[in-house]
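Please look over the sequence and the model shown here. A short report on strands, helices and charged pairs comes after them.

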Amino acid sequence: MPATVVRFNLVDPAGTPASLSERYRTALEMAAYADDRGISTIQTEEHHGAENNWLPSPLAFAGAVFGATRRIAVTVSAVIGPLHDPIRLAEDIAVLDLLSGGRLVTVAGIGYRPEEYERAGVDFKSRGKLQDELLETLLKAWTGEPFAYRDRTVRVTPRPFTQPHPMLLVGGSSKAAARRAARLGLPFFPSAHLPDLEAYYREQLAEHGTEGWTMMPAAETPLLHIADDPDRTWAEHGEHFLHEARTYASWQSKDIRSAVKSAATTVEELRAEGVYRVLTPEECVTYAKGDTGNLILHPLVGGMPVDEGWRSLHHFCENVLPRLKDK
């Protein structure tokens, strides 16, 4: 059976404080429902200052999910490493690891939006150096022992639950990211299906004498929505899928490689691309039984009405999952 993921970035371009509060609380209710029905992972992410209210605080959201669930993992994919104070991030992840009993997975990327760096007062050109410092600091901090940090000696407590340290992957689509992961003996999380980059990472592991593994998206990693009538869903709600696709497209340069990348400018073009797919329960079962990667649901995509998001999640959990148990 493929891994199952429910993704939340809490985007709502028309959001008000009241409607966003409802959306956030709905996401927690969905997470608890998904947990009860055996979904593998909640995935969330980080962006700052977005006009469409993109979630800026994934660790706070992860903590709320852990409080509402018992077994489901939360993957933060990704935390934008250079925008964080390394010591505080080490503490926050350690606390979440303790609270959840080891259910947090953190992917550390460097981001690709210069405006986020400018907003935070961080030099975009220094992001590689800052990422190196961040990762090295996290690994030292989680030992619980004193270590040298910026010309002083510090110690981070408490130690995390997971030993030798919480699950930490290095994200990215560049050779620099692959080298960074291999040098530190950390798993690598390519941002797209990049077999050549995976091979380069393995070469770097051998060169550095370290061990690691790759968590890479499949060649096709569509974001799924489940509905009885896909034609009607595209007609009524296609604007929400298109909003997210166009937002990503506006942020990504030609050098950015992402599993979620669309050139569509209309709902019709987006549907034809297949990056976002609306499937009936029967179609989803057929798709899942093929040679596919993770099944990623995105029930609140692009400001999707919460009632429609619930319909999709209910369909998946009640009419798809039970038929995949023997896969």
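The report takes the sheet, then the helices, then the salt bridges and three single residues.

This is a predicted model, in which local features need pLDDT of at least 70 and side-chain atom pairs count only at pLDDT 80 or more, while totals for chains, interfaces and linings use all residues. Residues are numbered from 1 along each chain as its sequence is written, and side-chain values use heavy atoms, with hydrogens and water left out.

**The sheet**

An open sheet is built from 9 strands. Their order is E8-E7-E4-E3-E2-E1-E11-E9-E10, and the pairing is parallel. Helices (H or I, at least four residues) and strands (E, at least two) are DSSP runs, numbered from the N terminus. Two strands pair if DSSP finds at least two bridges between them. Strand E8 (188-190) and strand E10 (276-279) are the edges; each has a single partner strand, so one side of each is left without a neighbour in the sheet. On average, neighbouring strands are turned by 30° against each other, direction ignored. Axes here are lines fitted to C-alpha atoms, for helices over the stretch in contact, and angles run from 0 to 180 degrees between N-to-C directions.

One pairing in detail: strand E4 (residues 104-109) runs parallel to strand E7 (residues 167-172) over 4 bridges. Opposite Val-107 stands Leu-169 in E7.

**Helices on the sheet and on each other**

Helix H2 (residues 58-68) packs on the sheet. H2 touches strand E2 (41-44), strand E3 (73-80) and E4, where contact means heavy atoms within 4.5 Å. The direction of H2 makes about 175° with that of E3. Helix H10 (residues 281-288) lies across strand E9 (223-226), E10 and strand E11 (295-297). H10 runs at about 120° to E10.

Helix H6 (residues 175-184) and helix H7 (residues 195-208) also meet: their axes come within 8 Å and cross at roughly 35°. The crossing is right-handed, a term for a near helix turned clockwise from the far one by less than a right angle. From H6, the contact takes in Lys-175, Ala-178, Arg-179, Ala-181, Ala-182 and Arg-183. From H7 come Leu-197, Tyr-200, Tyr-201, Gln-204, Leu-205 and His-208. These residues divide into 7 nonpolar, 2 polar and 3 charged. Ala, Val, Leu, Ile, Met, Phe, Trp, Tyr, Cys and Pro count as nonpolar, Asp, Glu, Lys and Arg as charged, and the others, Gly among them, as polar.

**Salt bridges**

The structure holds 18 salt bridges. The term means a side-chain nitrogen of Lys or Arg within 4 Å of a carboxyl oxygen of Asp or Glu. Three of them are listed here.

| Pair | Closest N and O atoms |
|---|---|
| Arg-7 and Glu-244 | 3.7 Å |
| Arg-71 and Asp-35 | 3.5 Å |
| Arg-271 and Asp-231 | 2.7 Å |

Arg-7 and Glu-244 form a salt bridge between distant parts of the chain: Arg-7 is in strand E1 (residues 4-7) and Glu-244 in helix H8 (residues 230-251), 237 residues apart. Arg-7 is buried at a relative accessible area of 4%. Buried means under 20% relative accessible area, exposed over 50%, and partly exposed in between (1.4 Å probe, protein chains only).

Arg-71 forms a salt bridge with Asp-35. Arg-71 sits in the loop between H2 and E3 and Asp-35 in helix H1 (residues 17-36), so the pair ties together parts that are 36 residues apart in sequence. Arg-71 is partly exposed at 40% relative accessible area, whereas Asp-35 is buried at 2%.

Arg-271 and Asp-231 meet in a salt bridge. Arg-271 belongs to helix H9 (residues 267-273) and Asp-231 to helix H8, so this pair ties together parts that are 40 residues apart in sequence. Arg-271 is partly exposed, with a relative accessible area of 38%. Salt bridges that share partners also join Asp-132, Glu-136, Arg-180 and Arg-183 into one network.

**Three residues**

Glu-244 counts as buried, at 1% relative accessibility. Not counting residues up to four places away in sequence, Glu-244 touches Arg-7, Asn-9, Trp-54, Leu-223, Tyr-276, His-298, Val-301 and Gly-302. The C-alpha atoms of Glu-244 and Gly-302 are separated by 5.2 Å, with their positions 58 residues apart along the chain.

Thr-280 lies in the loop between E10 and H10. Thr-280 is buried, with a relative accessible area of 13%.

Glu-207 lies in helix H7 and counts as exposed, at 61% relative accessibility.
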